[in-house]
Amino acid sequence: MVIEVKNLVKRYDRIIALDYFNLMVKEGQIHGILGPAGSGKTTLLDCILGLKKYDKGSILLWGKKMDRDSYELKKDIGVVLEEEAVFEELTLYENISYFCSLYVGDKQKVKEFTKETIEFLGLEDFIKLYPKKLSPGLLRRLSFACGIVHKPKLLILDEPIEGADPHSRKKIMDSIQELKNRGTTILYISQNMDEIEQLSTEITMLDRGRAIAQGTKEELKNMISLGEKISVEVYSLSEEQMKEISQLPNVSGTEYDNRTLIMKAKKGRNNLMTLLDYLQERKIPFGRIITEMPTLDDVYLEITGKELG
Ligand SMILES: Nc1ncnc2c1ncn2[C@@H]1O[C@H](COP(=O)(O)OP(=O)(O)OP(=O)(O)O)[C@@H](O)[C@H]1O
């Protein structure tokens, strides 16, 4: 196990930021931590990195306890935070090289790793620029480069693509996937369900410091009763017809807005057929049909009663 967090409790006076929180991250996984603002993500990160003391529980990295001065452990970890932590007085090249030299002693290796990382993130054309001259997307790529240049075995990412343009987002997301393919273990902390869904092999959902659900995205989606969301373009529907639709078998919710009927159905076969049969029998004209499987937001909503935000 790469990360093992057991019954972690962290309080700030009366606020319980982590409430008997458990997490297991296996080697080679991308483990996503998904939770809204204030759910305890940053606190968890600080505790794992040994930057904050906690009240109860234990945290082990590769079976060892991490402290502020656990240098041997820290050199195997790369961290990329939401806020850029680069030096304004160093160029892009110098920043990446500096972060590498913190963990890699051999000067030739530092050069080699720096060059490799610059190519990996497509930063060749910007090596002489100072951070102030970089676009937000390039700055994100620079931060990411500084976090991975020493080839850590564990990469901890906190909202790593927040504020980046689509091109830089894709570049970073592809790099994360590639690092995983090369065997890096990744903890991906975010409020964004799409990023988590796209990358994670395993997901932990966090609500008020508690791990409310853990598993693969398929397992999480199977935990809830919602099976699918069917949207049908319908030009008009009476209240009576809406009521009848809401009483069809398996239907758990209906909405009609902007000429679109949305029917939420529990897991089961033929939900779409049942609805279309109803519309046809009543000779109600309809247009485009879209069926969607539950999203991680639906899972979060059903378990906590709140949206991810
Ligand atoms: N230094 C602090 N003193 C008091 N309360 C704090 C402190 N840091 C965090 N908290 C509280 O602890 C809880 C968890 O906060 P935390 O920042 O870990 O959540 P988060 O999920 O990272 O949120 P965000 O995405 O907004 O950063 C929140 O209720 C927050 O207000």
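The following paragraphs describe the shell around the ligand and helix α4 in a predicted model. In this predicted model, local features need pLDDT of at least 70 and side-chain atom pairs count only at pLDDT 80 or more, while totals for chains, interfaces and linings use all residues. Residues are numbered from 1 along each chain as its sequence is written.

The ligand is surrounded by Y12, I15, A17, G35, A37, G38, S39, G40, K41, T42, T43 and Q191, a residue being near a molecule if its C-beta atom, placed from the backbone, lies within 6 Å of it. Two or more residues of this shell come from each of β2 (15-25) and α1 (41-48), and α1 gives the most, with 3 residues; helices (H or I, at least four residues) and strands (E, at least two) are DSSP runs, numbered from the N terminus.

Helix α4 comprises residues 107-120, and its 14 residues reach 20 Å from the first C-alpha to the last, close to the 20 Å expected at 1.5 Å a residue, where the expected span is 1.5 Å times one less than the number of residues. Within α4, V110, F113, T114, T117 and I118 are buried (20 or more other C-beta atoms within 10 Å of the residue's own, with C-beta atoms placed from the backbone). Seen down the axis of α4, these buried residues fall within an arc of 135°, so they line one face of the helix; the arc is that of the directions from the helix axis to the C-beta atoms. On the other side of α4, Q108 and E119 are exposed (12 or fewer such atoms). Just after α4, G122 takes a positive phi of about 65°.
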